[in-house]
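Reader: I should like to learn how the general features of a model are read. Please begin with the surface.

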Amino acid sequence: MSTRKKRYIISYVLLVAAYILQTTLVREIAIFKVSPSLILVSVVCFSLVNEPVGAAVYGGIAGILMDISSGRTLGFNAVLMMYLALLVVFAGQEFFRDTLRSATFVVVLSTVVYEVVYAFFNFAIFGDSSFWYMIFRVVLVEALYNAVFAPFVYMLYRRFLKIRTGHSLFD
């Protein structure tokens, strides 16, 4: 089996593990009824170290898993996650330095972008009137929560995918 295939298999095993943790244990550590999104963090970390097509597929599959667990419109999160993964790949190629700090920053920024877009579409399509509540209470708390988990998830992806660059992770 080629190294590339092994990397993808490991990546999808990590995604399934994140999904299982997200739907079971992580919900128990909610603050203000907001829990971290390990799936979103996983998509961002995967996208930072992979090419656009693989990241888009990974984001789409992760979004489908989120759609299944949320019980809302199937495909909504899949499309958002796919576009987020592509945005992270292309922005990461231009601006990203391979450090824990920058990976954490990208996760926080991605969380804010994802949740604001999600809140806007929830407000526009489903008539959910809690747009500003989502922005100020959910988005900020989840972004900070994801920032705590981002370095660990990023190091996990880097270690298991055995991606090496010339930069130190701790620069």
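Author: Accessible areas are obtained by the Shrake-Rupley method with a 1.4 Å probe, and for residues only the protein chains shown count as cover. In this predicted model, the protein chain has an accessible surface of about 9400 Å², and carbon and sulfur atoms account for 71% of that surface. Local features need pLDDT of at least 70 and side-chain atom pairs pLDDT 80 or more, while totals for chains, interfaces and linings use all residues. Residues are numbered from 1 along each chain as its sequence is written, and side-chain values use heavy atoms, without hydrogens and water.

Reader: What share of the 171 residues of the protein chain counts as buried?

Author: Buried means under 20% relative accessible area, exposed over 50%, and partly exposed in between (1.4 Å probe, protein chains only). Of the 171 residues, 46% are buried.

Reader: How many helices and strands does the protein chain have?

Author: Helices (H or I, at least four residues) and strands (E, at least two) are DSSP runs, numbered from the N terminus. The protein chain has six helices and zero strands.

Reader: Where is Arg-72 found, and which residues does Arg-72 touch?

Author: Arg-72 lies in the loop between helix H3 (52-70) and helix H4 (76-95). Contact means heavy atoms within 4.5 Å. Leaving aside residues up to four places away in sequence, Arg-72 touches Asp-67, Tyr-118, Asn-122 and Phe-126. Arg-72 is partly exposed, at a relative accessible area of 39%.

Reader: How are contacts distributed along the sequence?

Author: Among contacts between residues at least 6 apart in sequence, 71% join residues at least 24 apart.
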